[in-house]
Number of protein chains: 2
Amino acid sequence: MDYKSKKVIGMGVITELTGLSERQVRYYESKGLVFPERTKGGSRKYSFHDVERLIDVASKLEDGWRIQDIKEREKRLSSKQRDDLIRGQLNSAFRTYPTKK
Amino acid sequence: MDYKSKKVIGMGVITELTGLSERQVRYYESKGLVFPERTKGGSRKYSFHDVERLIDVASKLEDGWRIQDIKEREKRLSSKQRDDLIRGQLNSAFRTYPTKK
DNA sequence: CGTGTAAGGAATTCTGACACG
DNA sequence: CGTGTAAGGAATTCTGACACG
């Protein structure tokens, strides 16, 4: 695991780095947008990747997105990627669809 | 500044990552071997680079080095690097010393 | 010299709830 | 729905000191 994905950043630094409030960060977690680890005592630990993620989420919310929209769009995206992958495999195996004509 | 040098890691994670005690980490700081930043409240913040540094220091201490040795050796090293740089510049400009003969 | 520890305080973070809209 | 806030408690971290060797 590289530095970017290692969960080592506490809440204080997170609010500094993202500009978000503790409330916002915890709320996004409760909605399944970020997944911090915990210390034995229960404190949250985030990665630099999480920082980028939070900033991206905040940006989308400012653009009028709702949290559910963000989650669903990403679900569709990963489904599409999966479908595209399967389709590509089928295509290379059978060439079952007309190209260009 | 990249992720490796950004000071975002608190004391708790530092002791986990390095295997050192808080006492050791603070003592090495008091001797000038690491330079954490501070939160407004006064808590120390370290970088991944500091983590590597601390592990290296601990390793040398186990090998029988003293903290002063570690500091002085590094001072000599950086002096040598500086001298080498200057010597190289002089050499390329004047060729004042015999090579090989 | 390098490290452990008990002491007391201050800063940090957590959860659940009430509020607004 | 997304966020602010006051409340109370628990976990975290800090400093300065005494101890050992």
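Select chains A and B first. Chain B lands on chain A with an RMSD of 0.1 Å, after a turn of 180° and a shift of 0.0 Å along the axis. That relation is a two-fold axis. The superposition is by least squares on the C-alpha atoms of residues with pLDDT of at least 70 in both copies. This is a predicted model: local features need pLDDT of at least 70, side-chain atom pairs count only at pLDDT 80 or more, and totals for chains, interfaces and linings use all residues. Residues are numbered from 1 along each chain as its sequence is written, chains are lettered from A and ligands numbered from 1 in the order in which they are written, and side-chain values use heavy atoms, without hydrogens and water.

Next, pick Ile9(B). In chain B, its C-alpha is the one nearest the axis, at 2.8 Å. Both copies use the same surface: 100% of the contact residues of chain B recur in chain A (contact means heavy atoms within 4.5 Å).

Now show DNA strand D and the 17 residues around it (near means a heavy atom within 4 Å). Ser21(A), Arg23(A), Tyr28(A), Ile67(A) and Arg44(B) come nearest. On the DNA side, 71% of the strand D atoms within 4 Å of the protein belong to sugar or phosphate; the rest belong to bases.

Zoom in on the phosphate oxygens of strand D. One is 2.5 Å from a backbone N or O atom of Ile67(A). Side-chain N or O atoms of Gln24(A) and Arg38(B) each lie 3.1 Å from a phosphate oxygen.

Finish by selecting H2(A). It gives the most to the surface near strand D, with four residues (helices are DSSP runs of H or I, at least four residues, numbered from the N terminus).

Definitions and conventions
Polar contact = N/O pair within 3.5 Å; in protein donor to acceptor, adjacent residues only side chain to side chain. Helix = DSSP H or I, 4+ residues; strand = E, 2+ residues; numbered from the N terminus.
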